[in-house]
Amino acid sequence: GCGLPAGPYGLVGGVEGLSYLGVVGVGAYSLYVKLKTGKGLPAGPNGILGAAEGLSFLAIGIGLIVLVLQVSDYGYIPNAVPVDGGICK
């Protein structure tokens, strides 16, 4: 629930944030294509785009499960930035 440490110059945390944007971007675009055409994204070369689509939906689903579990355990969504007295240090 606390994410990766920032790392040198904030690079590790930055890459983590960009990866979240990539997952949500692929998932959102796939959902848009699905609503417009009735089909998901094409498989692409060696099925890589289809795999990215499936893994994006899997990651989003697991993220939603983690969200529900954090709210049920803590009663709120923990802050993204560590705060005094918070669960993330």
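The legends below describe close-up views of a predicted model.

**View 1. The chain as a whole, with its two helices.** In this predicted model, the chain holds two helices and zero strands, the helices being α1, which spans residues 11–37, and α2, which spans residues 48–74. Of the 89 residues in the chain, 11% are buried, and the chain exposes about 6,700 Å², with 71% of that area supplied by carbon and sulfur atoms. Among the contacts in the chain with a separation of 6 or more, 35% are accounted for by residues 24 or more positions apart.

**View 2. Ser-30 and its contacts.** Ser-30 is a residue of helix α1, and its relative accessible area of 1% makes it buried, because that term applies to values under 20%. When neighbours within four places in sequence are left aside, Ser-30 is in contact with Leu-41, Glu-53 and Phe-57.

**View 3. A nonpolar patch on the surface.** Four residues, Leu-55, Leu-58, Ile-62 and Val-66, form a nonpolar patch on the surface, and together they have about 370 Å² of accessible area. One of them, Leu-55, is placed in helix α2 (residues 48–74).

**View 4. Leu-55 within the patch.** Leu-55 has a relative accessibility of 56% and therefore counts as exposed, the cut-off for that term being over 50%. This residue of helix α2 contributes to the nonpolar patch alongside Leu-58, Ile-62 and Val-66, whereas Ser-30 of helix α1 is buried, with a relative accessible area of 1%.

Technical notes. Residues are numbered from 1 along each chain as its sequence is written. This is a predicted model: local features need pLDDT of at least 70, side-chain atom pairs count only at pLDDT 80 or more; totals for chains, interfaces and linings use all residues. Side-chain values use heavy atoms; hydrogens and water are left out. Patches are made of residues with over 30% relative accessible area and no salt bridge: like charges are joined within 9 Å, nonpolar side chains (Val, Leu, Ile, Met, Phe, Trp, Tyr) within 5 Å. Accessible areas come from the Shrake-Rupley method with a 1.4 Å probe; for residues, only the protein chains shown count as cover. A salt bridge is a side-chain nitrogen of Lys or Arg within 4 Å of a carboxyl oxygen of Asp or Glu. Helices (H or I, at least four residues) and strands (E, at least two) are DSSP runs, numbered from the N terminus. Buried means under 20% relative accessible area, exposed over 50%, partly exposed in between (1.4 Å probe, protein chains only). Contact means heavy atoms within 4.5 Å.
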